[in-house]
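Student: I have a protein model open in front of me, and I would like to learn how to read its features one at a time. Could we go through it together?

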Amino acid sequence: MTRYYAIQPVDAFRWTGGHDQTEDPLWLVDAMKTGTVVLMGAGTDGIRLAMPDQMGVRQMANPGDWLVLDAEGVIRRYKPLIFQLMFKEIMDAIGSPQTT
């Protein structure tokens with residue numbers, strides 16, 4: 001997983017929803033175990049992740065969306081273009097992406 005930042009560093013990854021995604025971040029796995037995030041339509045073309053936003057309203061992540069764990073511990077989803085506009089990748093001293 002690569003580290004990105006907006007105002008402060010956040011953990012982020014691009015969710016594919018497919019079998020090619022072999023590792024999910026621990027924070028997503030934990031959220032799925034507690035039911036905070038729910039996988040819907042597994043094995044279909046309509047696969048999505050459902051998660052509550054700050055107001056408790058369910059938001060839906062589609063394959064290709066970015067999932068971000070913010071500083072308050074809330075998982076948010078961003079469409080790729082919005083993510084690209086809002087977040088910049090944190091690089092280490094030698095110019096490689098910083099990972100956790």
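Tutor: We will take confidence, the overall layout, the sheet, the cores and the charged pairs in turn.

Student: What is the mean pLDDT of the protein, and where is confidence lowest and highest?

Tutor: This is a predicted model, and where pLDDT is low, the predicted coordinates should not be read in detail. Here the mean pLDDT of the protein is 82, with 83% of its residues at 70 or more. Confidence is lowest in strand S1, residues 2–5, where the mean is 66, and highest in strand S6, residues 66–69, where the mean is 93.

Student: How many helices and strands does the protein have, and what pattern do they follow along the sequence?

Tutor: The secondary structure comes to 2 helices and 8 strands, and read along the sequence these elements follow the pattern β-β-α-β-β-β-β-β-α-β. Of the 100 residues, 31% count as buried. Among contacts between residues at least 6 apart in sequence, 42% join residues at least 24 apart.

Student: Which strands make up the open sheet, and in what order do they stand?

Tutor: In general, strands of a sheet pair through backbone hydrogen bonds, either parallel or antiparallel. In this model an open sheet of 3 strands has the order S3-S4-S5, and the pairing is antiparallel. Strand S3 (38–40) and S5 stand at the edges, each with a single partner strand, so one side of each has no neighbour in the sheet. From one strand to the next, the twist averages 30 degrees. Strand S4 (residues 48–52) is joined to S5 by 4 bridges; in this pairing Met51 stands opposite Gln59, and Pro52 stands opposite Arg58.

Student: Along strand S5, which side chains are buried and which are not?

Tutor: In a regular strand the side chains alternate between the two faces of the sheet. Strand S5 (residues 58–61) shows this alternation, with Gln59 and Ala61 pointing to one face and buried, while Arg58 and Met60 point to the other face and are not buried.

Student: Why does Gln59 count as buried, and what is Gln59 in contact with?

Tutor: Gln59 counts as buried because its relative accessibility is 15%, and the cut-off for buried is under 20%. Leaving aside neighbours within four places in sequence, Gln59 is in contact with Leu49, Ala50, Met51, Pro52, Asp53, Ile75, Arg76 and Arg77.

Student: Which residues make up the largest nonpolar core?

Tutor: The largest nonpolar core has 12 residues in all: Phe13, Trp15, Trp27, Leu28, Ala31, Val37, Ile47, Leu49, Met51, Ala61, Leu67 and Ile75. Helix H1 (26–34) and S4 each supply at least two residues of this core, and H1 gives the most, with 3 residues. Apart from this core lies another, of 7 residues, among them Ala12, Trp66, Val68 and Phe83. Returning to the largest core, one of its members is Ile47; not counting residues up to four places away in sequence, Ile47 touches Trp15, Gly17, Leu39, Met40, Gly41, Ala42 and Pro63.

Student: How many salt bridges are there, and which residues form a salt bridge with Lys79 and with Asp70?

Tutor: Side chains of opposite charge can pair when their charged atoms come close. The count here comes to 2 salt bridges. Lys79 pairs with Asp65, and the closest N and O atoms are 3.1 Å apart. This pair links distant parts of the chain, 14 residues apart, with Lys79 in the loop between strand S7 (75–78) and helix H2 (80–86), and Asp65 in the loop between S5 and S6. Lys79 counts as partly exposed at 33% relative accessibility, whereas Asp65 is buried, with a relative accessible area of 2%. Asp70 forms a salt bridge with Arg76, and here the closest N and O atoms are 2.7 Å apart. Asp70 is buried, with a relative accessible area of 12%, and Arg76 also counts as buried, at 18% relative accessibility.

Student: Where does Gln8 lie, and what is Gln8 in contact with?

Tutor: Gln8 lies in the loop between S1 and strand S2 (9–14), and is partly exposed, with a relative accessible area of 39%. Setting aside neighbours within four places in sequence, Gln8 is in contact with Ala71 and Glu72. The C-alpha atoms of Gln8 and Phe87 are separated by 9.8 Å, although these residues are 79 residues apart along the chain.

Terms used:
Residues are numbered from 1 along each chain as its sequence is written. This is a predicted model: local features need pLDDT of at least 70, side-chain atom pairs count only at pLDDT 80 or more; totals for chains, interfaces and linings use all residues. Side-chain values use heavy atoms; hydrogens and water are left out. pLDDT is the predictor's confidence in each residue, from 0 to 100. Buried means under 20% relative accessible area, exposed over 50%, partly exposed in between (1.4 Å probe, protein chains only). Two strands pair if DSSP finds at least two bridges between them. A nonpolar core is a set of buried Ala, Val, Leu, Ile, Met, Phe, Trp, Tyr and Cys residues joined through side-chain atoms within 4.5 Å. Contact means heavy atoms within 4.5 Å. A salt bridge is a side-chain nitrogen of Lys or Arg within 4 Å of a carboxyl oxygen of Asp or Glu. Axes are lines fitted to C-alpha atoms, for helices over the stretch in contact, and angles run from 0 to 180 degrees between N-to-C directions.
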